[in-house]
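Open the model in your viewer and keep the selection tool at hand. The stops below can be taken in order.

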Amino acid sequence: MPQTVADLMTHEVLTVTPETLLSKAIQILVDRQVSGLPVVDAAGKLVGVISESDLMWREKGIDMPPHIMFLDSVIYLENPAKYDLELHKVLGQTVGEVMTAHAITITANATLPAAARVMHDKKIHRLPVIDSDNRPIGIITQGDIVRAIAAQEGIGTK
């Protein structure tokens, strides 16, 4: 019988809220040695994810969007809204200002190949596992799937 996400997911879900100070979220990531956290609203419903990738903006900084000057006017060659979003992330002080909204999720009854496909196609490292009310009930990571593959291959067992 194929394994499901429920078979491998971590059931203890560490979460933060959009109002959580960014420094507190970073401390949780470091202390618990995790690379991302689901973000929930006051009702416990998933509203986003904060991950190490979201925090890279702080160190990377942002680049001005390409533009040209013409008759004392600035003509942007890319949408300046993207720059505004990046600037907001760099200067953010709370999880809500830095997180990725509209997190990609999966359900507990999904198969491991389905979870692997989503992670690969969307280039993400973790999937919050949600119930029918959009509340996180677990999290599955690429590492969980790799460990499942190793177990199927008899690698790492004696």
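Begin by selecting Asp54, which is buried, with a relative accessible area of 5%, where the limit for buried is under 20%. This is a predicted model. Colour residues 52-60 as well: they make up helix α3, and Asp54 lies in this helix. Now add Ser51 to the selection. What does the side chain of Asp54 reach? It goes to the backbone nitrogen of Ser51, at 2.9 Å.

**The sheet**

Next, show β6 (106-107) together with β7 (126-130) and β8 (136-141). These 3 strands form an open sheet with mixed pairing, in the order β6-β7-β8. Which strands stand at the edges? They are β6 and β8; each has a single partner strand, so one side of each is left without a neighbour in the sheet. Zoom in on β6 and β7, which run parallel and are joined by 2 bridges. Select Ile106 here and look across to Val129 in β7, which stands opposite.

**Helices α6 and α7**

Add residues 112-122, helix α6, to the view. This helix lies across β6, β7 and β8 and runs at about 130 degrees to β7. Then add helix α7, residues 142-153, whose axis comes within 10 Å of that of α6. The two axes cross at roughly 135 degrees. That angle is over 115 degrees but not over 145, and α6 and α7 are therefore oblique to each other. The crossing of α6 past α7 is left-handed. To see the contact, show side chains on both helices: α6 contributes Leu112, Ala115, Ala116 and Met119, while α7 contributes Gln142, Ile145 and Ala148.

**Two loop residues with positive phi**

Move to the loop between β5 (100-101) and β6 (106-107), and pick His102 there. His102 is not a glycine, yet its phi is positive, about 55 degrees. Is His102 buried or exposed? With 73% relative accessibility, His102 counts as exposed.

For the last stop, go to the loop between β7 and β8 and select Asn134. Here too the phi is positive although the residue is not a glycine; the value for Asn134 is about 65 degrees. Turn on the surface: Asn134 has 29% relative accessibility and counts as partly exposed, a class that lies between the limits of 20% and 50%.

How values were computed
Residues are numbered from 1 along each chain as its sequence is written. This is a predicted model: local features need pLDDT of at least 70, side-chain atom pairs count only at pLDDT 80 or more; totals for chains, interfaces and linings use all residues. Side-chain values use heavy atoms; hydrogens and water are left out. Helices (H or I, at least four residues) and strands (E, at least two) are DSSP runs, numbered from the N terminus. Buried means under 20% relative accessible area, exposed over 50%, partly exposed in between (1.4 Å probe, protein chains only). Two strands pair if DSSP finds at least two bridges between them. Contact means heavy atoms within 4.5 Å. Axes are lines fitted to C-alpha atoms, for helices over the stretch in contact, and angles run from 0 to 180 degrees between N-to-C directions. A polar contact is a pair of N or O atoms within 3.5 Å; within protein, one must be able to donate a hydrogen and the other to accept it, and residues adjacent in sequence count only if both atoms are side-chain atoms. Angles under 35 degrees count as roughly parallel, over 145 as roughly antiparallel, 65 to 115 as roughly perpendicular and the rest as oblique. A crossing is left-handed if the near helix is turned anticlockwise from the far one by less than a right angle, and right-handed if clockwise.
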